[in-house]
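Trainee: Got a minute to go through this one with me? I'd like to start with how helix packing gets described.

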Amino acid sequence: IDVDSIMRFIVFHISWILLTWHYVETFTLSSSRTQRFKFILESKGDKVREATGIRPSLHPITINAISEALKRNLRVCDGVEPIEVATATGSLVTEFLTKRRETSDKDGMEFNTQEEQTIAGRILGVVLRFDELETTLHERASSVSWVKKYNEWESFGVLCDDSEANTRIKEDPLFVMNRAECLLALFIDTIEAPKLSEIGETVAGGSNIDFIDSDRLEVLLGSQNN
């Protein structure tokens, strides 16, 4: 089954639903790494940001949804077809965007259709490629000496023996948040950005990876390998 075709179908379906909604919420991500796991929702009526015309970040809601998909173990495996995972993930996307709309003050910072499509596409893209991205994540973390030396596996949301990761995902919110951040970064760097460059297109908000600290980003992008 063509994963990209499934993604296009689900994103189109979600986009049609979004056109009927009239509420918005603003998700933001705390700048403190020690607070990320709290899934903080900051003030709903950001009048300063509204006045500047700066668009709300797409990353927090995307990372939170990927974290939830990890906890629900939404993945293609024996007996579970990609279309089943895509459908369940589409429901998850709708759930998160609905919640955003229903709990927001109307401050003019709602996501537009293009932003919502980007969010939906990234969540679906990561979830449908969990195994591939998780393998790459573990390989890149394992290739860097300081990760092993200082036992920094968990800052990437992985374990030295990642076969035990599912237990930690269910029990440790910070661990799963770190994993979701890293998987999203890898998806943007290795799949989204190259594909967009190939076809000469862009997505709402761009493909900048500005939601992860420089030390981890160097490892994820493969620019640090010792």
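Mentor: Sure, one definition before we look at packing: an axis here is a line fitted to C-alpha atoms, for helices over the stretch in contact, and angles run from 0 to 180 degrees between N-to-C directions. Also keep in mind that this is a predicted model.

Trainee: OK, so at what angle do helix 6 and helix 9 cross?

Mentor: Roughly 100°, and their axes come within 10 Å. Helix 6 covers residues 130-142 and helix 9 covers residues 173-199.

Trainee: What does that make helix 6 and helix 9 relative to each other?

Mentor: Roughly perpendicular, because angles from 65 to 115 degrees are put in that class.

Trainee: Which residues of helix 6 and helix 9 meet?

Mentor: From helix 6 you have Phe130, Glu132, Leu133, Glu134, Thr136, Leu137 and Arg140. Across from them in helix 9 are Arg179, Cys182, Leu183, Leu186, Phe187, Asp189, Thr190 and Ile191. By type, the residues of that contact split into eight nonpolar, two polar and five charged.

Trainee: Glu134 caught my eye. Is Glu134 buried or exposed?

Mentor: Buried: its relative accessibility is 9%, and the cut-off for buried is under 20%. Glu134 sits in helix 6.

Trainee: And what does Glu134 touch, not counting residues up to four places away in sequence?

Mentor: Leu70, Arg75, Arg179 and Leu183. Arg179 and Leu183 are also on the helix 9 side of the packing we just went through.

Trainee: Let me step back a bit. How many helices and strands are there in the protein?

Mentor: Ten helices and zero strands. As for burial, 47% of the 226 residues in the protein are buried.

Trainee: What share of the contacts with a separation of 6 or more comes from residues 24 or more positions apart?

Mentor: That's 74%. For the outside, the accessible surface is about 11,300 Å², and carbon and sulfur atoms account for 51% of that.

Trainee: Can we do another helix pair? How do helix 3 and helix 4 pack?

Mentor: Helix 3 is residues 59-71 and helix 4 is residues 82-102; the angle is about 135° and the axes are 10 Å apart. So helix 3 is oblique to helix 4. The crossing of the two is right-handed.

Trainee: Which residues make the contact between them?

Mentor: Helix 3 supplies Ile61, Asn64, Ala65, Glu68 and Ala69, while helix 4 brings in Leu92, Phe96, Leu97 and Arg100. Six of the contact residues are nonpolar, one is polar and two are charged.

Trainee: Now the loops. Where does Asn73 lie?

Mentor: In the loop between helix 3 and helix 4. Its phi is near 55°, a positive value in a residue other than glycine. Most residues other than glycine have a negative phi. With 38% relative accessibility, Asn73 is partly exposed.

Trainee: What about the phi of Asn151?

Mentor: Near 55°, so positive there too, in a residue other than glycine. Asn151 is in the loop between helix 7 (145-149) and helix 8 (165-171), and at 59% relative accessibility it counts as exposed.

Trainee: Last one, Thr118. Which residues is Thr118 in contact with, leaving aside neighbours within four places in sequence?

Mentor: Leu58, Val203 and Ala204. Thr118 and Leu58 are 60 residues apart along the chain, with 8.1 Å between their C-alpha atoms. Thr118 is part of helix 5 (residues 113-127), and with a relative accessible area of 8% it is buried.

How values were computed: Residues numbered from 1 in each chain as written. Predicted model: local features only at pLDDT ≥ 70, side-chain atom pairs only at ≥ 80, totals over all residues. Heavy atoms only, no water. Helix = DSSP H or I, 4+ residues; strand = E, 2+ residues; numbered from the N terminus. Buried < 20%, exposed > 50% of the residue type's maximum accessible area, 1.4 Å probe, protein only. Contact = heavy atoms within 4.5 Å. Areas by Shrake-Rupley, 256 points an atom, 1.4 Å probe, with all protein chains shown as cover. Parallel < 35°, antiparallel > 145°, perpendicular 65-115°, else oblique. Left-handed = near helix turned anticlockwise from the far one by under 90°. Nonpolar A, V, L, I, M, F, W, Y, C, P; charged D, E, K, R; others polar.
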